[in-house]
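These are my notebook entries on a structure I looked through. I record the metal site, then helix packing, then single residues.

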Amino acid sequence: MANFARAYGIGAALLALGAVGLGLALAPAESPFRESGVTRIVATTGIAADLVREIGGDQVEVIALMGPGIDPHSYKPRARDLIKMDQADLIVAHGLGLEGRMADVFAAQGGRAIILGDALDPATLKREEDEIDPHVWHDPVLWAQTARWLGKALAQQLPEHADEVKSRAERFALQAESLATEIRAELGKIPPARRRLITSHDAFQYFGARFEIQVDGIQGINTAAEASARQIRTLAEQVADEKIPAVFIETSTSDATARAVVSASQARGHRVKIGRALFADALGEPGTDAATWAGMIRANARSVKEALQ
Ligand SMILES: [Zn+2]
């Protein structure tokens with residue numbers, strides 16, 4: 001696998017980015033991985049890295065390319081990211097268009113790339129016009145399915161630890177499913193008329209479908225799409241007319257459009273507050289409650305309940 005990487009990985013990845021043409025020199029870098037004798041995995045986001053760590057356990061070392069607060073839709077891989085990918089045995093990405101500027105890089109990785117989006121039946125995926133909505137981790141039941149699938153994929157890569165890997169995946173999936181039940185009960189306490197989640201970009205459709213909350217993103221499912229003045233006005237009218245209590249900002253996107261909706265609805269005489277920042281496409285800082293996927297889902301549910309109930 002490593003030989004394949006040397007042969008095709010970084011050269012192809014850099015070519016895909018046009019970086020070679022920019023005269024980017026590749027210094028013989030020290031390995032970004034610390035451990036030896038384990039499978040070295042680069043995950044794109046902290047969300048993907050958390051899942052790989054949970055399932056791979058001590059048999060893997062995982063590095064995330066994107067930390068807290070980073071927007072994967074617009075993230076452009078740096079030269080150092082390509083070096084990390086080159087040094088890894090496996091690359092784990094969400095796919096489904098989430099890492100929009102990295103698709104060519106994954107394609108150049110051949111069989112080393114595991115795309116988590118492949119875990120799910122395309123019929124279960126939501127679409128906005130002709131774009132697939134990639135934010136499946138906000139539904140713990142879909143994330144449990146993804147975990148079981150990743151367990152099988154990783155077990156193939158680590159045949160000597162296959163049983164351990166699969167049982168960790170199953171344990172994680174069961175915990176995710178019970179988290180869904182717990183959050184459904186909590187959010188079910190919000191009166192139905194107030195179950196409206198308005199956020200900066202449209203990342204919470206799967207969350208809303210699982211927990212029976214109507215979701216509107218001010219921007220579309222991709223942060224590259226800009227919200228028009230008309231969209232902001234229309235949403236502000238809805239917020240004011242339906243007396244929606246809060247509009248939410250996110251940790252990984254600009255809060256400008258959410259604030260515009262808030263001030264436009266206030267101009268219509270409705271006092272609306274800004275909810276706590278939701279974790280849409282990135283985990284929280286290390287050491288905080290939202291530093292893991294499960295902690296992040298809990299933190300989001302808490303913020304939603306607190307602002308809407
Ligand atoms: Zn997003």
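Entry 1, metal site. I looked up the protein donors of the zinc ion in this predicted model. I found His-73 (NE2), His-135 (NE2), His-201 (NE2) and Asp-281 (OD), lying 1.9 to 2.0 Å from the ion. Donors are N, O and S atoms within 2.8 Å of the metal (3.2 Å for Na, K and Ca); water is not among the atoms, so sites may look incomplete. I noted that the four donor atoms subtend angles of 95 to 126° around the zinc ion, which makes the arrangement tetrahedral. Four donors count as tetrahedral if all angles lie between 85 and 135 degrees. For reference, the ideal angle for four tetrahedral donors is 109.5 degrees.

I wrote down the sequence spacing of the donor residues as H-x61-H-x65-H-x79-D. His-201 sits in strand β7 (residues 196-201) and Asp-281 in the loop between β10 (273-278) and α10 (293-308), so this pair ties together parts that are 80 residues apart in sequence. Helices (H or I, at least four residues) and strands (E, at least two) are DSSP runs, numbered from the N terminus. I recorded both His-201 and Asp-281 as buried; the term means under 20% relative accessible area, with exposed over 50% and partly exposed in between (1.4 Å probe, protein chains only).

Conventions. Residues are numbered from 1 along each chain as its sequence is written. Local features need pLDDT of at least 70, side-chain atom pairs count only at pLDDT 80 or more, and totals for chains, interfaces and linings use all residues, while side-chain values use heavy atoms, with hydrogens and water left out.

Entry 2, helix packing. How do α6 and α10 pack? I found an angle of about 5° between helix α6 (residues 162-187) and α10, with their axes 11 Å apart. That makes α6 roughly parallel to α10. Axes are lines fitted to C-alpha atoms, for helices over the stretch in contact, and angles run from 0 to 180 degrees between N-to-C directions; under 35 degrees counts as roughly parallel and over 145 as roughly antiparallel. The residues of this contact (heavy atoms within 4.5 Å) include Phe-172 and Leu-179 of α6 and Trp-293 and Ile-297 of α10. I noted their division into 10 nonpolar, no polar and four charged. Ala, Val, Leu, Ile, Met, Phe, Trp, Tyr, Cys and Pro count as nonpolar, Asp, Glu, Lys and Arg as charged, and the others, Gly among them, as polar.

I then turned to helix α5 (residues 140-157), whose axis comes within 8 Å of that of α6 and crosses it at roughly 180°. The two helices are therefore roughly antiparallel to each other. Among the contact residues are Trp-143 and Leu-154 of α5 and Phe-172 of α6; the contact divides into 15 nonpolar, one polar and four charged.

Entry 3, single residues. Is Thr-199 of strand β7 buried or exposed? Thr-199 counts as buried, at 0% relative accessibility. Leaving aside neighbours within four places in sequence, I listed its contacts as Phe-204, Asp-216, Gly-217, Ile-218, Phe-248, Glu-250 and Leu-278.

I placed Glu-129 in the loop between β5 (127-128) and β6 (131-132). Its phi is near 55°, a positive value in a residue other than glycine, and Glu-129 is exposed at 79% relative accessible area. Glu-212, in the loop between α7 (205-211) and β8 (214-219), also has phi near 55°. I recorded Glu-212 as partly exposed, at 46% relative accessibility.

Methods:
Four donors count as tetrahedral if all angles lie between 85 and 135 degrees; four count as square planar and six as octahedral if opposite donors are over 155 degrees apart and all others between 65 and 115; anything else is irregular. Angles under 35 degrees count as roughly parallel, over 145 as roughly antiparallel, 65 to 115 as roughly perpendicular and the rest as oblique.
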